[in-house]
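This briefing gathers points on strand order, helix packing, aromatic pairs and backbone geometry. Please read it with the structure open alongside.

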Amino acid sequence: MTVELWRFASHEPELKRDSGGYPNRDATGSVFGTVLPADKKPLLTAELRADNDFEVSKGAVIDFVFRAVAVDEVSHGIILHDRACIVRIRAETPPGVYAGRMTEHAPIGIAVAQFAPDADVEANLLDIRVLAERAADRGADVVVFPEYSSAFINPLGPELVARAEPLDGVFVESLAGMAQDLGIHLVAGMVERTGDSSRFSNTIIAVSPQAELVASYRKQHLYDAFGQTESDYVVAGDLSDPETFTVGGLRMGIQTCYDIRFPEVTRRIVDAGAEVVLVPAEWVRGPLKEHHWKTLITARAIENAVYVAGADHTPPIGVGNSMIVDPAGVQVAGIGVEIDVAVAFASANRVAEVRESNPALELRRFQVVPRT
């Protein structure tokens with residue numbers, strides 16, 4: 001990817017700044033939304049490894065972090081499509097006002113966020129905010145949180161049912177606000193209210209930087225295994241078409257925890273065009289369960305030539321080990337048992353390379369059909 005980085009002279013108009021010292025988003029418009037001058041040269045023209053990709057309209061204010069190869073002076077900066085405008089400058093950026101342009105899509109930053117949600121919805125939202133900000137600072141465009149991120153009580157029971165919310169409730173609204181503030185997509189599990197007062201839907205939602213709900217998926221395979229009976233309190237999702245959404249040219253699909261044991265779920269998502277599969281989970285600890293988790297995520301990635309990103313709860317209930325695996329089955333990011341985020345960068349080129357080398361999806365002789 002070719003990127004031009006421009007630094008405006010110190011006599012350029014000063015940006016209005018917010019309380020954090022960053023240029024205010026209201027500072028865009030006719031003063032700053034300008035074509036790069038033809039009589040100036042860029043500070044840098046180089047092939048860069050981008051950590052973010054985005055779509056931006058003229059005059060928009062965006063964050064963009066990248067690493068420059070063999071250029072020590074520029075460790076962080078801003079680039080955008082076609083026309084330049086003044087953009088937010090991160091604290092690590094050398095002083096000055098930067099703008100730039102790029103010629104093609106860059107890899108997408110995907111983060112898995114690992115924590116242990118509990119019965120306190122407000123506290124869980126605070127934890128999500130901290131982790132989302134950390135992921136965004138590390139270059140994430142999409143952050144995947146665990147199943148039951150809105151609330152979790154072990155074992156499941158009426159107390160958790162009482163914390164169920166509709167899709168237009170506080171949890172989704174709060175998550176959408178965070179996504180808008182940070183300019184990234186957020187994906188998380190929630191306890192969704194249903195028409196059955198004794199049960200809820202185990203639902204995954206995805207919200208966009210425009211604060212829109214872009215996907216919602218209700219868990220189809222309930223965890224009635226290893227001595228657990230999730231179906232006592234959860235309504236299984238309908239066998240509807242896969243829920244997908246697009247970030248920077250990469251199509252994302254969603255499934256939940258125990259679904260990963262059913263390869264046909266992932267295959268249907270891939271048949272719907274997904275190149276990245278996001279798997280929020282509460283992978284309960286037990287004999288060999290860490291091994292199952294790692295093996296199944298890796299297998300789904302390899303057999304479908306897609307990225308798979310799984311986000312789990314921390315111990316003692318979950319196994320932790322949240323991870324991102326690439327289309328060849330290589331773990332490209334991961335967390336142990338601590339509360340943290342891990343970021344990897346997904347590329348459509350990588351998906352294409354693996355599928356060209358091993359065209360298993362084209363060579364298969366069976367298709368997936370719902371069981372009646």
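In strand 16, Val-325 is the bridge partner of Val-308, and this pairing is a convenient place to begin reading the model, which is predicted. Strand 15, covering residues 307–311, is joined to strand 16, covering residues 323–325, by three bridges, and the two strands run antiparallel. Both strands belong to an open sheet of six strands with mixed pairing.

**The six-stranded sheet**

- The strands of this open sheet follow one another in the order 12-13-14-15-16-17, and the edges are formed by strand 12 (244–247) and strand 17 (331–334), each of which pairs on one side only.
- On average, and with direction ignored, neighbouring strands of the sheet are turned by 20° against each other.
- The loop between strand 15 and strand 16 contains Pro-316, and the peptide bond that leads from Pro-315 to Pro-316 is cis, with omega near 15°.

**Helix 1 and helix 3**

- The axes of helix 1 (residues 121–137) and helix 3 (residues 170–182) come within 11 Å of each other and cross at roughly 20°; angles under 35 degrees count as roughly parallel, and the two helices are therefore roughly parallel to each other.
- The crossing in which helix 1 passes helix 3 is right-handed.
- On the side of helix 1, the contact involves Leu-125, Ile-128, Arg-129, Ala-132 and Glu-133, which meet Phe-171, Ser-174, Leu-175, Met-178, Asp-181 and Leu-182 of helix 3.
- Sorted by character, the residues of this contact of helix 1 with helix 3 comprise seven nonpolar, one polar and three charged.

**Helix 4 and helix 5**

- Helix 4 (residues 263–271) packs with helix 5 (residues 289–304) at an angle of about 40°, their axes lying 10 Å apart, and the two helices are therefore oblique to each other.
- Helix 4 and helix 5 also make a right-handed crossing, in which Pro-263, Thr-266, Arg-267 and Val-270 of helix 4 form the contact with Arg-300, Glu-303 and Asn-304 of helix 5.
- The residues in the contact of helix 4 with helix 5 divide into two nonpolar, two polar and three charged.

**Aromatic pairs**

- The count of aromatic pairs comes to seven, and one of them is formed by Phe-115 and Phe-145, whose rings are edge-to-face, at 6.3 Å centre to centre and with 85° between the planes.
- This pair links distant parts of the chain, 30 residues apart, since Phe-115 lies in the loop between strand 6 (108–114) and helix 1, whereas Phe-145 lies in the loop between strand 7 (142–144) and helix 2 (158–161).

**Backbone geometry in the loop between strand 7 and helix 2**

- Most residues other than glycine have a negative phi, and most peptide bonds are trans.
- Tyr-148, a residue other than glycine, has a positive phi near 60°, and its place is in the loop between strand 7 and helix 2.
- Pro-155 is likewise placed in the loop between strand 7 and helix 2, where the peptide bond from Asn-154 to Pro-155 is cis, with omega near 0°.
- Phe-145, the partner of Phe-115 in the edge-to-face pair, is also in the loop between strand 7 and helix 2.

Notes. Residues numbered from 1 in each chain as written. Predicted model: local features only at pLDDT ≥ 70, side-chain atom pairs only at ≥ 80, totals over all residues. Heavy atoms only, no water. Pairing = 2+ DSSP bridges. Helix = DSSP H or I, 4+ residues; strand = E, 2+ residues; numbered from the N terminus. Axes fitted to C-alpha atoms, helices over the stretch in contact; angles between N-to-C directions. Parallel < 35°, antiparallel > 145°, perpendicular 65-115°, else oblique. Left-handed = near helix turned anticlockwise from the far one by under 90°. Contact = heavy atoms within 4.5 Å. Nonpolar A, V, L, I, M, F, W, Y, C, P; charged D, E, K, R; others polar. Phe/Tyr/Trp six-rings, centres within 6.5 Å; stacked < 30°, edge-to-face > 60°.
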